[in-house]
Amino acid sequence: MRKRGHILLGAVLLSGALLAGCGADGAADQSSPAGAPAMNEGDAGGDARKAAEPGTAAAGGAEPGQDTPAGAPDLRVDQRSIIYTGTLTVQVKDVDVAAAQITGITGGTGGFIGGDERQSGNGGTDTATLKLRIPADKFGAALEQIAKLGDEKNRAINTEDVTEQVVDLDARITVQQARVDSGRKLLASAKSLSDLVMLEKEVATRESDLASLQGKKRRLADLTALSTVTVVLLGPEAPVPAGTDDDTTGFLSGLADGWKALVSSLGVLLTVLGALLPWIVALGLPTWAILYL
């Protein structure tokens, strides 16, 4: 009898434990949406870290795909677009030999000869004019090598900063490319023949404008990448062109300029007298004779 009582007491306790567990599971099911997975502490920590990462909406960053302002162009000195042009006049012993050496110097820099004009003369009066295209980063070194081939008479270097033009062309090309793409999309979805003809004309106009802008960009890129140098070679007896002599200042230079001005003035005066002399003879002598008589 006592043993049976113990068994009944154990069964009652077991039933109570099972009922308590079922009640807890039901409460958990009611506290969360049906079919939603349970979130543990690790998942909650991961979501918190994700929300705090830079670039997310919670961290104040832009959502993926959201428009962001365009960055300003890099206008540092080493990033600017500059066109270099120069002229160099050198008097050499042999024009043909010096021209061959200049060709080798130009080829060594990665450039090429853009023009070659030569005039033969007697007694060392040969001349040559070479137009060189040299990479911009080797422009100065190439000029120094060419100047050492003989007696340098004149040098002139000019620069033109076209950075703003390049930036403007880049922006206009981007906009025009977008207009061409949108026109092609509309052309692909044309429903009628009239719409097709109109859209084809519009797309052709936009593509022509885009090609023109791209051509200007290529031209500027060529001028900034390759500098233009005009080299004038003079034979040992060839006259130095005016304005290229080294001695352009000083007493002797001023004296020479004054003498040239005096000769020019006398020449003009004699010309005027020569033109008036016939009139003086034709009219002056009769007038003098009448007054004398």
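Start with the open sheet: five strands in the order β2-β3-β5-β1-β4, with mixed pairing (strands pair if DSSP finds at least two bridges between them; strands are E runs of at least two residues and helices H or I runs of at least four, numbered from the N terminus). Its edges are β2 (112–119) and β4, each pairing on one side only. This is a predicted model, where local features need pLDDT of at least 70 and side-chain atom pairs 80 or more, while totals for chains, interfaces and linings use all residues. Numbering runs from 1 along each chain as its sequence is written, and side-chain values use heavy atoms, without hydrogens or water.

Inside the sheet, β1 and β5 run parallel, joined by seven bridges; T89, for one, has V232 in β5 as its bridge partner.

Now for the packing. The largest nonpolar core (buried Ala, Val, Leu, Ile, Met, Phe, Trp, Tyr and Cys joined through side-chain atoms within 4.5 Å; buried is under 20% relative accessible area with a 1.4 Å probe, protein chains only) has 20 residues, with V229 among those making the most contacts inside it. β1, α3, β3, α4 and β5 each supply at least two of its residues. A second, separate core of 10 residues includes V166, L169, I173 and L223.

V166, L169 and I173 also turn up among the buried residues of α5. β4 (151–161) and α6 (193–225) are part of what covers those buried residues, through contacts (heavy atoms within 4.5 Å). Helix α5 has 26 residues, so at 1.5 Å a residue (times one less than the residue count) it should span 38 Å, and its end C-alpha atoms agree at 38 Å apart.

Conventions:
Buried means under 20% relative accessible area, exposed over 50%, partly exposed in between (1.4 Å probe, protein chains only).
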